[in-house]
Amino acid sequence: MRHRLIITLFVAITGKLFVGVLQPAVAASDDVSAVSIMSPADLAAFPNPVPDERLHYGADPLQFVDLRLPLGPGPHPVMVLIHGGCWLSEFDITHIGKLAAAFTAHGIATWTVEYRRVGDAGGGWPGTFEDIAAAADFLPGVADQYNLDTARVIVVGHSAGGHLALWLAARNRFTAGQPFYGKNPVELKGVLALAPAPDLAWLHKEMVCGHVIDKLMGGSPLQYPERYAVASMMALTPVALPQWLVIGKFDADWAMVGERYFNAATAAGDNVRLIEAKHSGHFEMIDPDSTTWPLVAGAAMELLGIPQ
């Protein structure tokens, strides 16, 4: 079943939009006099609470997950959480720790993934994708030790991490012989993609983040169509899992690419929802102190079947 869910949030948000993006105009019909948007600089002030465990899924120093466990004996529902940052090494796991801790306080074990990115040794093609797959596949092997409920696992990602979250869900459909195939991938109940960037070919054409897609994929869609066929979500629909996309109304830089994927997934008959955060930009949805947080927390809990 296909859904389009428009959720209105009455909030004026502080901050500025991503560097290089024009400030969006505020329509007279919006019941606010001005909207200012968070910027990447605001993320620097986010705390990064110490995780309960840091587990390495590979030999590289960047191949680790931060595990945070809720109170109580469990078994705990699990969120695989993937940070964004234009797939670039400049943006690491640190800024997403605040969000992970907030989800954990709501009773969800968070499996926050660090991975090699563009600018890191081994990052880009294929290492970035290998890391996301390996980090998720590592989870079932330690589930009993930490009392994790592998029947209740979702994946959540923001921005570039939203692309990787959707990709991880699609990867469960890969067959033997395809790149990134896993014999026993973790089973997912759904995806919560926050301001996702799923259409790599379109983003390559737009030359986002200093032409980062060319660096991520090793070249253009014309040079490597086989790579884009297993990495860009536009080539991987339908995913056949619930996919909820949260897109900020004032996310002038990234809203369009998320909407492009929503339209493609809808046309493919996929189970996809578009949730518009009425007065949000790109970063409010990963800040538990913003009034976008109840929307995000509620969506995650609903996907996991947690009573609210």
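**Pocket lining, cores and local backbone features**

By class, the lining of the largest pocket comprises 10 nonpolar residues, 2 charged residues and no polar ones. The model in which this pocket was found is a predicted one, and the space in the pocket amounts to about 210 Å³. Its lining consists of 12 residues, of which Trp-202, Glu-206, Val-208, Ala-252 and Asp-253 are the closest to the pocket centre. Helix H5 (200-206), helix H6 (208-217) and helix H8 (255-267) are the elements that each give two or more residues to this lining.

Between H5 and H6, two of the helices that contribute to the pocket lining, lies a loop that holds Met-207. Met-207 is not a glycine, yet its phi is positive, at about 60 degrees. Most residues other than glycine have a negative phi, and most peptide bonds are trans. With a relative accessibility of 52%, Met-207 counts as exposed, because the exposed class begins over 50%.

A positive phi of about 60 degrees is also found at Ser-159, again a residue that is not a glycine. Ser-159 is placed in the loop between strand S6 (148-158) and helix H4, and at 5% relative accessibility it counts as buried, since the limit for that class is under 20%.

The interior was examined next. In soluble globular proteins, nonpolar side chains tend to be buried together. The largest nonpolar core in the model has 67 residues, and within it Trp-87, Trp-111 and Ile-213 touch the most other members. Helix H3 (residues 127-146) supplies the largest share of this core, namely 9 residues. A second core, separate from the largest one, contains 34 residues, including Met-79, Leu-192, Val-246 and Ile-306.

Aromatic contacts were searched for over the whole structure, and 8 aromatic pairs were found. A pair of aromatic rings is described by the distance of the centres and the angle of the planes. For the pair formed by Phe-129 and Trp-167, the centres are 5.2 Å apart and the planes make an angle of 65 degrees, an arrangement that is edge-to-face because the angle is over 60 degrees. Phe-129 belongs to helix H3 and Trp-167 to helix H4 (residues 160-171), so that the pair ties together parts of the chain that are 38 residues apart in sequence. Both Phe-129 and Trp-167 are buried, and both are members of one aromatic cluster that also takes in Trp-125, Phe-174 and Phe-180.

Two arginine side chains were found over tyrosine rings. The charged end of Arg-117 sits over the ring of Tyr-115, at 5.8 Å from the ring centre, whereas Arg-227 lies over the face of Tyr-224, with a distance of 3.8 Å to the centre of that ring.

Cis peptide bonds were found before Pro-126 and before Pro-75. Trp-125, which is a member of the aromatic cluster described above, is joined to Pro-126 by a cis peptide bond with omega near -5 degrees; Pro-126 is located in the loop between S5 and H3. The bond that joins Gly-74 and Pro-75 is likewise cis, with omega about 0 degrees, and Pro-75 lies in the loop between strand S3 (64-68) and strand S4 (76-82).

The loop between strand S5 (109-113) and H3 also holds Gly-122. Gly-122 is partly exposed, with a relative accessible area of 38%, and its C-alpha atom is separated by 9.1 Å from that of Asp-60, a residue 62 positions away along the chain.

Further pairs of residues that are apart in sequence were examined in S4 and in the loop after S9. Ile-82 has its place in strand S4 and is buried, with a relative accessible area of 1%. Although Ile-82 and Ala-193 are 111 residues apart in sequence, the distance in space between their C-alpha atoms is 9.7 Å. Lys-278 is situated in the loop between strand S9 (272-277) and helix H9 (293-304), where it is partly exposed, at a relative accessible area of 23%. The C-alpha atom of Lys-278 is separated by 6.4 Å from that of Gly-248, and the two residues are 30 residues apart along the chain.

Terms used: Residues numbered from 1 in each chain as written. Predicted model: local features only at pLDDT ≥ 70, side-chain atom pairs only at ≥ 80, totals over all residues. Heavy atoms only, no water. Core = buried A, V, L, I, M, F, W, Y, C linked by side-chain atoms within 4.5 Å. Buried < 20%, exposed > 50% of the residue type's maximum accessible area, 1.4 Å probe, protein only. Helix = DSSP H or I, 4+ residues; strand = E, 2+ residues; numbered from the N terminus. Phe/Tyr/Trp six-rings, centres within 6.5 Å; stacked < 30°, edge-to-face > 60°. Lys NZ or Arg CZ within 6 Å of the ring centre and 35° of its normal. 1 Å grid on protein atoms, 1.4 Å probe; cavity = no way out; pocket = protein on both sides within 12 Å on 5 of 7 lines; lining within 4 Å. Points joined across faces, edges and corners; volume = space filled by probe spheres on them. Nonpolar A, V, L, I, M, F, W, Y, C, P; charged D, E, K, R; others polar.
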